[in-house]
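Got the viewer open? Let's take a walk through the salt bridges and then drop in on the ligand.

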Amino acid sequence: MQIVATITETRCIIQKARNEGRRIGFVPTMGALHEGHASLIRAARRETDFVVVSIFVNPTQFGPNEDYQRYPRTPEADWALCRREGVDLVFSPSVEEMYPPGFCTWVEVTRLQDVLCGRSRPGHFRGVATVVLKLLNIVQPDIAYFGQKDAQQARIIRQLVHDLNVPIEIRVCPIVREADGLALSSRNAYLSPQERQHATVLYRALQLAQELVNQGECDTSRIRQRMVDLITATPGATLDYAEIVDPETLQPVAQITGPALAALAVRLGSARLIDNQLLIPQTSSVPGVRNEAQSDI
Ligand code: AMP
């Protein structure tokens, strides 16, 4: 496994692999790697022949009062995980390599960037879209892998790739969870033992939403209210948002008539956690979509 910090070297190594006829799989990350990231790497290994992981804590997607400085940075453990998972190349650039002096081009995916997390994190998705397009241009993969954990991000990137004719395939992989349902996240490291226990409320609220749908509830304001009640009753938890939206437009839906995305952001102590689940009405059958609420986690 090679670990490189420059764009020139990354391009050169990947070009060699491409010349050998290998298909390139790419997993962009901010490091502090866990099983969620590993699941993307494994998907890339299954489908492609040369797997590139980028590790870059992207400053432009953090707001001024957010956690850029203290975001966990664990390069050695990350390299070990990548090695274990059979990654071929780790691209780990400096901030100066990605944003040299004079940098002034930004990518905005209008509308989709302004809802859900975009509302409480203005500028966040501009930073995400910009860095992801840069990374896709640097790596030029055949397939890039993202997690459904960041559902809005995945939706925005799909739109970006479509609108700007980026010639790659996008795969969105399922959310990897702890045994008690908490979605794996690098930010879970911020939780105290007690906050960690309370953090399952996101998953419990999403499960409750699916149960209500299973019982025939279609009115999203009632479902939303039950999620809000559960979250606000949790010690230390502050609701950022709880919404039920159209998975394509990310706009709120009033009635559940087909698959709808329940999306949550909750603050617990100094951590802001997000989670989501596709709510599937009993009558709707969506090929390939598994109804997680009916599993026995
Ligand atoms: P991050 O390092 O948090 O920017 O995440 C890098 C990629 O891993 C993104 O596409 C995330 O959606 C994905 N990811 C993060 N956590 C999970 C998880 N628990 N399950 C699946 N994918 C995840």
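Which residue's side chain meets that of Arg 42 in a salt bridge? Select Glu 35: its side chain pairs with Arg 42, with N and O 3.2 Å apart. Keep in mind as you go that this is a predicted model. Turn on a surface and check how covered the two partners are. Arg 42 comes out as partly exposed, at 32% relative accessibility, and Glu 35 is partly exposed too, with 38%.

Next, pick Arg 171 and Glu 47. Here is another salt bridge, and the closest N and O atoms sit 3.0 Å apart. Colour by secondary structure for this one: Arg 171 belongs to strand 6 (residues 169-173) and Glu 47 to helix 2 (residues 35-47), so the pair ties together distant parts of the chain, 124 residues apart. Arg 171 is partly exposed at 24%, and Glu 47 is partly exposed at 34%.

Now jump to Glu 66 and Arg 121, a salt bridge whose closest N and O atoms are 2.6 Å apart. This one links two loops: Glu 66 lies between strand 3 (50-55) and helix 3 (75-84), while Arg 121 lies between helix 5 (117-120) and helix 6 (124-139). The partners are 55 residues apart in the chain. Is each partner buried or partly exposed? Glu 66 is partly exposed, with a relative accessible area of 28%, whereas Arg 121 counts as buried at 10%.

For a network, select Lys 16, Glu 20 and Arg 22, which are joined by salt bridges that share partners. If you want to keep hunting, a search of the whole structure turns up 17 salt bridges.

Time for the ligand. Show the residues around it and you should get 17, the closest being Met 30, His 37, Asp 150, Val 176 and Leu 184. Zoom in on His 37: an N or O atom in its side chain is 2.9 Å from a ligand oxygen. Then look at Gly 147, where a polar backbone atom is 2.9 Å from an oxygen atom of the ligand. At Leu 184, a polar backbone atom is 2.9 Å from a ligand nitrogen. Taken alone the ligand exposes 490 Å², and the protein buries 93% of that.

Last stop: colour the shell by residue type. You'll find nine nonpolar, six polar and two charged residues. Strand 2 (24-29), helix 2 and strand 5 (143-147) each supply at least two of the shell residues, with helix 2 giving the largest share, three residues.

How values were computed: Residues are numbered from 1 along each chain as its sequence is written. This is a predicted model: local features need pLDDT of at least 70, side-chain atom pairs count only at pLDDT 80 or more; totals for chains, interfaces and linings use all residues. Side-chain values use heavy atoms; hydrogens and water are left out. A salt bridge is a side-chain nitrogen of Lys or Arg within 4 Å of a carboxyl oxygen of Asp or Glu. Buried means under 20% relative accessible area, exposed over 50%, partly exposed in between (1.4 Å probe, protein chains only). Helices (H or I, at least four residues) and strands (E, at least two) are DSSP runs, numbered from the N terminus. A residue is near a molecule or strand if one of its heavy atoms lies within 4 Å of it. A polar contact is a pair of N or O atoms within 3.5 Å; within protein, one must be able to donate a hydrogen and the other to accept it, and residues adjacent in sequence count only if both atoms are side-chain atoms. Accessible areas come from the Shrake-Rupley method with a 1.4 Å probe; for residues, only the protein chains shown count as cover. Ala, Val, Leu, Ile, Met, Phe, Trp, Tyr, Cys and Pro count as nonpolar, Asp, Glu, Lys and Arg as charged, and the others, Gly among them, as polar.
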